[in-house]
Amino acid sequence: MRRFAFLLVPVLLASCGGSSSGSDVVCDQQYWDGTIGTCLPEGWHVVGSEDLAARGAPREVVVAFQADDAVTGRFPLVTVTSQPLSGAPSVEEFDEQSRESVKTLPGYTLVEDRETEIDNQPTTLHIFTAQPIAEQPVQRFYQVSYPSGGKGYTFTGVLPLSVDRVDEERLITLLENITFIEAEEE
């Protein structure tokens, strides 16, 4: 059950609120914390470590990104978990292990496995639906997993089952811009 805890984090951290209005996806700011980097789309922000602790996030959550506007009463959220790895799995092996681990979730249904890259290494954006908490509705999950520096990182985004294209594109933009290499200053 512990390996599925990362899926509960986005569901539990998402809060209620207003509605989202769509616009074209724009990379608003670059995020880099010394280990993990990505592009935050317009309308997204970093959830601070104090806020994560106040929300009861497990210590495996190293950072989270949240939309400023709610979608059907919940804020779109991407959590990043990190766990030490035993051995040195390849990107492909770690990606496959992560995809296989979620297939036993209640209500799991594959939506799409989309090819993507992290730092010029091919990996998969695994999109699926599941209902890990019986009291919560079925949700869409977006997962990318990647080993780096002896740790395994899993980026898990969550959206409602029925979602606006722009909200989905914003979340996917964040996931498709993951890096573990600091950008050079121009």
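How many bridges join β3 to β4, and do these strands run parallel or antiparallel? In this predicted model, four bridges join β3 to β4, and the two strands run antiparallel. Within this pairing, V46 has F65 of β4 as its bridge partner.

That pair of strands belongs to a wider arrangement, an open sheet of seven strands whose order is β3-β4-β5-β9-β8-β7-β6, with antiparallel pairing. At its edges stand β3, residues 44-47, and β6, residues 109-118, each of which pairs on one side only. From one strand to the next, the twist averages 20°.

Following the sheet onward from β4, the reader comes to β5, which is joined to β4 by five bridges in an antiparallel pairing. Here V63 has V80 of β5 as its bridge partner, while V61 stands opposite T81, again in β5. Both strands are well covered: six of the seven residues of β4 are buried, and six of the eight residues of β5 are buried, so β5 is largely enclosed by the rest of the structure.

The next step in the order leads from β5 to β9, and these two strands pair in the antiparallel sense over eight bridges, with V78 standing opposite G157 of β9. From β9 the path continues to β8, to which it is joined by 10 bridges, the two strands running antiparallel. In this pairing V144 is found opposite F155 of β9.

Several of these strands also contribute to the interior. In soluble globular proteins, nonpolar side chains tend to be buried together. The largest nonpolar core of this model has 25 residues, and those with the most contacts inside it are F65, V78, Y142, F155, L175 and F180. At least two residues of this core are supplied by each of β4 (61-67), β5 (77-84), β7 (121-130), β8 (139-148), β9 (151-160) and α4 (165-176). The element that gives the most to this core is the helix α4, with four residues. Apart from this core lies another, of seven residues, among them V102, Y108, F128 and A130.

F180, one of the residues with the most contacts inside the largest core, deserves a closer look. Leaving aside residues up to four places away in sequence, F180 touches W32, T35, I36, I118, D119, Y146, S148, Y153 and F155.

Turning to covalent links between cysteines, the count comes to one disulfide. It is formed by C27 and C39, whose sulfur atoms are 1.9 Å apart. Because C27 lies in strand β1 (residues 27-32) and C39 in strand β2 (residues 37-41), the pair ties together parts that are 12 residues apart in sequence. The two cysteines differ in their surroundings, for C27 is partly exposed, with a relative accessible area of 40%, whereas C39 is buried, with a relative accessible area of 2%.

Finally, the confidence of the prediction should be kept in mind when reading the model. The mean pLDDT of the protein is 86, and 87% of its residues reach 70 or more. Over residues 1-9, however, the pLDDT is below 50, although this stretch has 25 contacts in the model beyond near neighbours in sequence. Residues 11-23 likewise keep a pLDDT under 50, and for them the model has 39 contacts beyond four places in sequence.

Technical notes. Residues are numbered from 1 along each chain as its sequence is written. This is a predicted model: local features need pLDDT of at least 70, side-chain atom pairs count only at pLDDT 80 or more; totals for chains, interfaces and linings use all residues. Side-chain values use heavy atoms; hydrogens and water are left out. A nonpolar core is a set of buried Ala, Val, Leu, Ile, Met, Phe, Trp, Tyr and Cys residues joined through side-chain atoms within 4.5 Å. Buried means under 20% relative accessible area, exposed over 50%, partly exposed in between (1.4 Å probe, protein chains only). Contact means heavy atoms within 4.5 Å. A disulfide is a pair of cysteine sulfur atoms within 2.5 Å. Two strands pair if DSSP finds at least two bridges between them. Axes are lines fitted to C-alpha atoms, for helices over the stretch in contact, and angles run from 0 to 180 degrees between N-to-C directions. pLDDT is the predictor's confidence in each residue, from 0 to 100.
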